[in-house]
Amino acid sequence: MDLDVFVAAHRAEWDRLDTLLKRQRHLTGAEVDELVTLYQRTATHLSLIQSSAPDPRLTGRLSQLVARARAAVTGARRASWRDVTRFLTHVFPAAVYKARHWWVPTALLSTAVAALLGWWIGTHPEVRSTLAAPSELRDLTRPGGQYEAYYSTHPATSFAAQVWTNNAWAAALCLILGVFLGLPVLWILFQNMLNLGIGFGLMSSAGRLDTFLGLVLPHGLLELTAVFVAAGTGMRLGWTVIDPGPRTRRTALAEEGRAALGMAIGLALVLFVSGAIEGFVTPSGLPTWARLTIGILAELAFLAYVYVLGGRAVRAGETGDVDATERSATVPTAA
């Protein structure tokens, strides 16, 4: 395609569209129809230029023009409480449900790795000696030691906020870095399982595994599930780079990326709940059985939320992606 000839042939249409957009509040009915027609033509022109003779400056101008025209034609849309309700009852649980084939195996394998590391550390004194001096290990594991004091050394509110921020950031990293073939996600996940395995091994070697589980499980069940969901989704995003399936790689990454962004928002809410449990329930004076019951109920509620609401939403056609009206416009690739 001769770009100069193409520009000369259609510049008047682009200028006319720009003029109509500048005075869109005062258009007649015929001018509104003209604006819609010019928007469709310009979108096609942009697609042709991008595929045949890409020119950064011209592409930038037409992209901006098409975006303005699309906003004028479709109208501005404001978020409402209905959007929030739909996200919480349909979009987010559907996205988590659809990703279950990634995060459920991730959860099972990661838990096995943490248990194996804990067993290895707990049954091999020479391994424990590489972690810290014997006196330091005793300070960590003794009654009232650092493992127990960790949950009560700060005010509950600030501690819950700190835990929530750290966990939400870790989940967001899993989702964002998944695009790099999922490799950074594996490292983040291993670090989490290593920390869990060390605590498991050290406390079990001191004969205080019941105390450790009583401290970790109330909040850890929900917290780790959220991390596993984020990690599984991140690895699915990485696999999309390798194998986008029947979709183009660009389309697949856009769809999975938007779903991952929504997942980050939803998981932040889930981690807020687990952070509240860690800040207020874990260090409380409640008996162990009561703290464990709260943690188990929170975990079961989340799983029911995903499998009941999410499964129902998926069967109804929900994809976990944003509405079609919120996606980038799909334009023809030929005139």
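Colleague: What makes up the chain in terms of helices and strands?

Modeller: The chain contains 13 helices and 0 strands. Both terms refer to DSSP runs numbered from the N terminus (helices: H or I, at least four residues; strands: E, at least two). Along the sequence the pattern reads α-α-α-α-α-α-α-α-α-α-α-α-α. This is a predicted model, in which local features need pLDDT of at least 70 and side-chain atom pairs count only at pLDDT 80 or more, while totals for chains, interfaces and linings use all residues. Residues are numbered from 1 along each chain as its sequence is written, and side-chain values use heavy atoms, with hydrogens and water left out.

Colleague: How does the radius of gyration of the chain stand against that of a compact globule?

Modeller: The radius of gyration is taken over C-alpha atoms, and the globule rule is 2.2 Å times the number of residues to the power 0.38. For 335 residues a compact globule would have a value near 20 Å, but the chain has 27 Å. Along its principal axes, the C-alpha trace spans about 80 × 40 × 35 Å.

Colleague: What share of the chain counts as buried?

Modeller: The share is 40% of the 335 residues. Buried means under 20% relative accessible area, exposed means over 50%, and partly exposed lies in between (1.4 Å probe, protein chains only).

Colleague: Why is Thr-59 called buried, and why is Ala-67 called partly exposed?

Modeller: Thr-59 has 14% relative accessibility, and therefore counts as buried. Ala-67 has a relative accessible area of 48%, so it is partly exposed. Thr-59 is found in helix 3 (residues 56–74), and Ala-67 has its place in helix 3 as well. Leaving aside residues up to four places away in sequence, Thr-59 touches Leu-46, Ile-49 and Gln-50; contact here means heavy atoms within 4.5 Å.

Colleague: Which residues of helix 1 are buried, and against what do they pack?

Modeller: The buried residues of helix 1 are Phe-6, Val-7, His-10, Glu-13, Trp-14, Leu-17, Asp-18, Leu-20 and Leu-21. They pack against helix 2 (29–52) and helix 3.

Colleague: How do the spans of helix 1 and helix 11 stand against the expected values?

Modeller: The expected span is 1.5 Å times one less than the number of residues. Helix 1 (residues 3–22) has 20 residues and reaches 27 Å from its first C-alpha to its last, close to the expected 28 Å. Helix 11 (residues 209–242) has 34 residues; a straight helix would span 50 Å, but helix 11 spans only 42 Å between its end C-alpha atoms.

Colleague: Where do these two helices bend, and how is a bend defined?

Modeller: The bend at a residue is the angle between axes fitted to the seven residues ending there and the seven starting there. In helix 11 the bend is about 55° at Gly-220, and in helix 1 it is about 50° at His-10.

Colleague: Why is helix 11 described as largely enclosed by the rest of the structure?

Modeller: The reason is that 25 of its 34 residues are buried.

Colleague: What makes a set of residues a nonpolar core, and which members of the largest one touch the most others?

Modeller: A nonpolar core is a set of buried Ala, Val, Leu, Ile, Met, Phe, Trp, Tyr and Cys residues joined through side-chain atoms within 4.5 Å. The largest has 37 residues, of which Phe-92, Val-96, Met-263, Leu-267 and Phe-302 touch the most other members. Among the helices that each supply at least two residues are helix 4 (81–98), helix 12 (249–281) and helix 13 (288–315). Helix 11 gives the largest share, 9 residues. Apart from this core lies another, of 19 residues, including Phe-6, Leu-27, Leu-46 and Leu-58.

Colleague: What makes the phi of Leu-181 notable?

Modeller: Most residues other than glycine have a negative phi. Leu-181 is not a glycine, yet its phi is positive, about 60°. Leu-181 is found in the loop between helix 9 and helix 10, and at 46% relative accessibility it counts as partly exposed.
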